[in-house]
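Welcome! Here are a few exercises to work through at your own pace. Have a look at the structure first, then try each task before reading its solution.

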Amino acid sequence: MSYVRIEQVSKRYHQEQVLKEVSLTIEKGALVTLLGPSGCGKSTLLRCIAGLTDIEPGGKMIVGETDITNRSPKEREVGMVFQSYALFPNLTVFDNIAFGLKMKGLEKRVYTEKVEQIIRLVDLTGREQQYPHQLSGGQQQRVALARSLVVEPKILLLDEPLSALDAKIRKNLQMELRRIQKALSITTVFVTHDQEEAMTVSDHIFIMDQGRIVQAGTPDEIYRSPANEFVARFIGSYNVLNAADWKSLVAEQRTGSYAVRPEVIRLLPIDAPDVRETGWHFTGKVREKTLKGNVIRAQIVANGIPLHVDMLNTSSQHDIHEGMDVRVFIPESECVPLD
Amino acid sequence: MKNRLLWHKALTAIVLLYLFIPLLATFLYSISTDWYRTVLPEGYTGKWYGELVSDPRFIDALGRTLFVCIVTILISLVVMVITVFAVTVYLPRLERLLQGIAMLPYAVPPVVTAVGLITIYSQGPFALSGSVWLVIGAYFVAILPYMYQGIRNSMRTVDAISLLDAAELLGASKLKGFWLVVFPNILPGVLVATLLSFSILFGEFVLANLLIGGHYEMIQVYLVRRMEENGHLASSIVVCYFIFISIISAVVLRLGRSAKEGRT
């Protein structure tokens, strides 16, 4: 039985329908991500779960055995980390974290132990008496997390918690978050617009667009089998080719659109023999070559159709230059049909 | 490069001179015996200050002004903080209306306000004209824009709504959340608005004169009366005014700093 059930949740702001009868379920202890472009409704949905935003009548939200639809935020036992962290500037790290426990009426003796435990968990020992403005972004993030976790909420909501941080810290904290989430086995809903981040941390991803969930699945399922063109374009650097594109490219009639991942397209020297696999060979020109670190991305143009091709940065890729002609192979098995 | 810096310094120096020379001249006039024929005063004396301090009417006027200003500001603080909190948290749709109301005092010249108030309150159930409470009421409205803006901007700066959301999710009621987490952080901004309002009220002449004038002589009215008698005395009053406001500013700024709890 699912731990969290969101059923037919809708929300309207002025004339706009921001959430359109959204339904989803979450298993206990899982970390799921709401992924989508800006304005798709993911943050709104999160706020609805927290109770900070009301929903239209007809929707229902159940956490554990409890129907939280009509409960105030205080009563929902939901923890939330905001994009801006919302740390209390006038309180120390210790007092920020202890806030929720104080509100519950716990005595100092009792909550001090819990606060110290969570400070160790998020790796902030030694900073208890500092104020938020004295901490770095990553440290503030961890205080916000600790503050929400120490009250042992039923679910944890994270609203783009890592957006304000620089790339390196972000990567570290993604791992940290996952580690802490698994250690506490806490059901978590993560909101982000960064698909790489979503794939790194999630058990399950819900892709949202314009107030609806357009695909749900594990990171692998979504990446390898996008359901439609929107997901294909969003989740990776997919090449999306419709029937007309295929005709220009390989002079063959295909029905419908297909998505091809950049890493499955193979580039061969002009005089190389055919690859022994079902697929299509054709000639193209390398328009641009970009180094992305461990991946090299080439922009190829073949018969007027542009393609992205990704390769791992090994020594054999250095034979490919801008402006040269190459032989291109697309295996049939890797073409994902889209509806 | 060096020339440009010199130009900036020179410009700043000229502006500062322009602002301070009148004050300096006033100060000199307040300690001089005579000064109408020569570039600098003919003689120096402290007798004007002596006369001032020994005049009981001066002390009384000062006390009355302080009373009116402090009472007005206290009432305004309580009313405005509660109002801005209530509108921001419970009734965000009324924000525009509140903003409009708070800006109205700008549109009405003090003389018009005074005449209107006297007309309404000189008869009927609220015969307040001639009473100090009429002045307090008028003063409350006069500082409305400054108190409203100061409080509202403070709340925006600290992102009061997010803080309240966070506090609520952690189990605090809206009121408790406001008191523990929003109020301490908007305090510096609120204190600045208070100081600004105080300075404005302390120097406000039109309403003071027209609404009660000699019935309840405040420092502004006292100053004008003395000015007609003797320029030196008037100058010494102005200098006292200035020193007094400076002391208040220093105190409030110090308070504002310590209210930030640990911030340098």
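**Exercise 1. Pairing strands in chain A**

Which residue in β16(A) is the bridge partner of V301(A)? Find it, then describe how the neighbouring strands are joined.

*Solution.* Keep in mind that this is a predicted model.

Step 1. Begin with the bridge itself: V301(A) has P306(A) of β16(A) as its partner.

Step 2. Widen the view to the two strands. β15(A) pairs with β16(A), residues 305–312, in the antiparallel sense, and 8 bridges hold the pairing.

Step 3. Look at the link between them. With 2 residues between the strands, β15(A) and β16(A) make a hairpin, and N303(A) in its turn has a positive phi of about 50°.

Step 4. Now go to the other partner of this strand. β14(A), residues 279–291, and β15(A), residues 295–302, run antiparallel and are joined by 6 bridges. One place to look is V286(A), which stands opposite I300(A) of β15(A).

Step 5. This pair is a hairpin too, here with 3 residues between the strands; G293(A) in the turn has a positive phi of about 100°.

**Exercise 2. A salt bridge within chain A**

Which parts of chain A does the salt bridge between E197(A) and R170(A) tie together?

*Solution.*

Step 1. Check the distance: the closest N and O atoms of E197(A) and R170(A) are 3.1 Å apart, and the cut-off for a salt bridge is 4 Å.

Step 2. Place the two residues. E197(A) belongs to helix α6 (residues 195–201) and R170(A) to helix α5 (residues 167–184), so the pair links parts of chain A that are 27 residues apart in sequence.

Step 3. Set this pair in context: over all chains, the whole structure has 25 salt bridges.

**Exercise 3. Where chain B meets chain A**

How many residues of each chain are in contact, and which element of chain B gives the largest share?

*Solution.*

Step 1. Count the contacts: 20 residues of chain B touch 21 residues of chain A.

Step 2. Turn to area. About 1900 Å² is buried between the two chains, and carbon and sulfur atoms give 68% of that.

Step 3. Look for charged and polar pairs. The interface has 1 salt bridge, in which the side chains of R47(A) and D165(B) meet at 3.4 Å, N to O. There are also 3 residue pairs in polar contact between the chains.

Step 4. Find the elements on the chain B side. Those giving two or more residues are α8 (160–169) and α9 (174–203), and α8(B) has the largest share with 7 residues.

Step 5. Sort the chain B residues by class: 9 are nonpolar, 5 polar and 6 charged.

**Exercise 4. Two domains of chain B**

Which three residues supply 61% of the area that domain 1 of chain B buries against domain 2 of chain B?

*Solution.*

Step 1. Set the bounds: domain 1 of chain B covers 1–45 and domain 2 covers 49–259. Their centres, taken over C-alpha atoms, are 32 Å apart.

Step 2. Count again: 9 residues of domain 1 of chain B contact 8 of domain 2.

Step 3. The buried area between these domains is about 680 Å², with 72% from carbon and sulfur atoms. T26(B), Y29(B) and S30(B) supply 61% of the area on the domain 1 side, more than any other three residues.

Step 4. Finish with the pairs: 0 salt bridges cross this domain interface, while 2 residue pairs are in polar contact. By class, the domain 1 side has 4 nonpolar, 4 polar and 1 charged residues.

How values were computed:
Residues numbered from 1 in each chain as written. Chains lettered and ligands numbered in written order. Predicted model: local features only at pLDDT ≥ 70, side-chain atom pairs only at ≥ 80, totals over all residues. Heavy atoms only, no water. Contact = heavy atoms within 4.5 Å. Buried area = accessible area lost by both parts, 1.4 Å probe. Polar contact = N/O pair within 3.5 Å; in protein donor to acceptor, adjacent residues only side chain to side chain. Helix = DSSP H or I, 4+ residues; strand = E, 2+ residues; numbered from the N terminus. Nonpolar A, V, L, I, M, F, W, Y, C, P; charged D, E, K, R; others polar. Domains from an automatic or database assignment. Pairing = 2+ DSSP bridges.
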